[in-house]
Amino acid sequence: MVSEAVHKSMQGNKRSDTRPELLLRALLRSSGLTGYRLQWKIPGHPDIAWPGKKVALFVNGCFWHRCPRCKLSMPKSNVEYWSAKFAANQKRDRRVRAELEEAGWIVHTVWECELKKKAVDATVADLFPQLAAELGKKLRLRETED
Ligand SMILES: [Zn+2]
């Protein structure tokens, strides 16, 4: 039996167009950081990538990728299964990052919790100026959205 929370996380583990990812894309567009491609065909298929600038951005689900900020507890049942699964995910994340960096890509990871209402402004304030510099784009200031 899969618990409700795990089930929800699984549904949230679709490859693209998750809610946090859609939010981030909307923010990128409104900030003038356009021209990205989705699921670009390089190791790890980053959710968002600017291939011409070799800038890649992964939007990581906290549950599957074991967010260091959230410090999620291990599911109560099937502990061995989950431990192996999470270890494999983390290993793949590290390998993908290393491969991309080796190939000259700049790799960003945004955790889904960093896109929640309370955290998103700080995330944008931190990340977007970096992206703008890497992309050689001018950051458009956003109107406050609430
Ligand atoms: Zn998190």
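1. Cys 70 is partly exposed, at 32% relative accessibility. Cys 67 is buried, because its relative accessible area of 4% falls under the 20% cut-off. Both cysteines bind the zinc ion through SG. Keep in mind that this is a predicted model.

2. The zinc site has four protein donors: the SG atoms of Cys 62, Cys 67, Cys 70 and Cys 113. They lie 2.2 to 2.4 Å from the ion. Along the sequence the spacing reads C-x4-C-x2-C-x42-C.

3. What is the arrangement of the four donor atoms around the zinc ion? It is tetrahedral, because the angles subtended run from 104 to 114 degrees. For four tetrahedral donors the ideal angle is 109.5 degrees.

4. Next, the strands. Strand 3 covers residues 55-60. Strand 2 (48-50) pairs with strand 3 in the antiparallel sense, over three bridges. Ala 49 stands opposite Ala 56 of strand 3. Four residues separate the two strands in this hairpin, and Lys 54 takes a positive phi there, near 55 degrees.

5. Strand 3 also pairs with strand 4, residues 106-111. This pairing is parallel and has six bridges. Val 55 has Ile 106 as its bridge partner in strand 4.

6. How many of the six residues of strand 3 are buried? Six are, and the strand is mostly covered. Side chains in a regular strand alternate between the two faces of the sheet. Here Val 55, Leu 57 and Val 59 are buried on one side, and Ala 56, Phe 58 and Asn 60 are buried on the other. Both faces of strand 3 are thus covered.

7. The largest nonpolar core holds 19 residues. Those touching the most other members are Leu 24, Leu 28, Leu 33, Trp 50, Leu 57, Phe 128 and Leu 131. Two or more residues each come from helix 2 (19-30), strand 2, strand 3 and helix 5 (120-135). Helix 5 gives the largest share, seven residues.

8. A second, separate core has eight residues. Among them are Ala 49, Phe 58, Leu 100 and Trp 105. Phe 58 belongs to the strand 3 side that also carries Ala 56 and Asn 60.

9. Leu 24 deserves a look in the viewer. Leaving out residues up to four places away in sequence, Leu 24 touches Ile 48, Leu 57, Val 59, Val 110, Leu 115 and Phe 128. Of these contacts, Leu 57 and Val 59 sit on one side of strand 3, together with Val 55.

Conventions. Residues are numbered from 1 along each chain as its sequence is written. This is a predicted model: local features need pLDDT of at least 70, side-chain atom pairs count only at pLDDT 80 or more; totals for chains, interfaces and linings use all residues. Side-chain values use heavy atoms; hydrogens and water are left out. Donors are N, O and S atoms within 2.8 Å of the metal (3.2 Å for Na, K and Ca); water is not among the atoms, so sites may look incomplete. Four donors count as tetrahedral if all angles lie between 85 and 135 degrees; four count as square planar and six as octahedral if opposite donors are over 155 degrees apart and all others between 65 and 115; anything else is irregular. Buried means under 20% relative accessible area, exposed over 50%, partly exposed in between (1.4 Å probe, protein chains only). A nonpolar core is a set of buried Ala, Val, Leu, Ile, Met, Phe, Trp, Tyr and Cys residues joined through side-chain atoms within 4.5 Å. Contact means heavy atoms within 4.5 Å. Two strands pair if DSSP finds at least two bridges between them.
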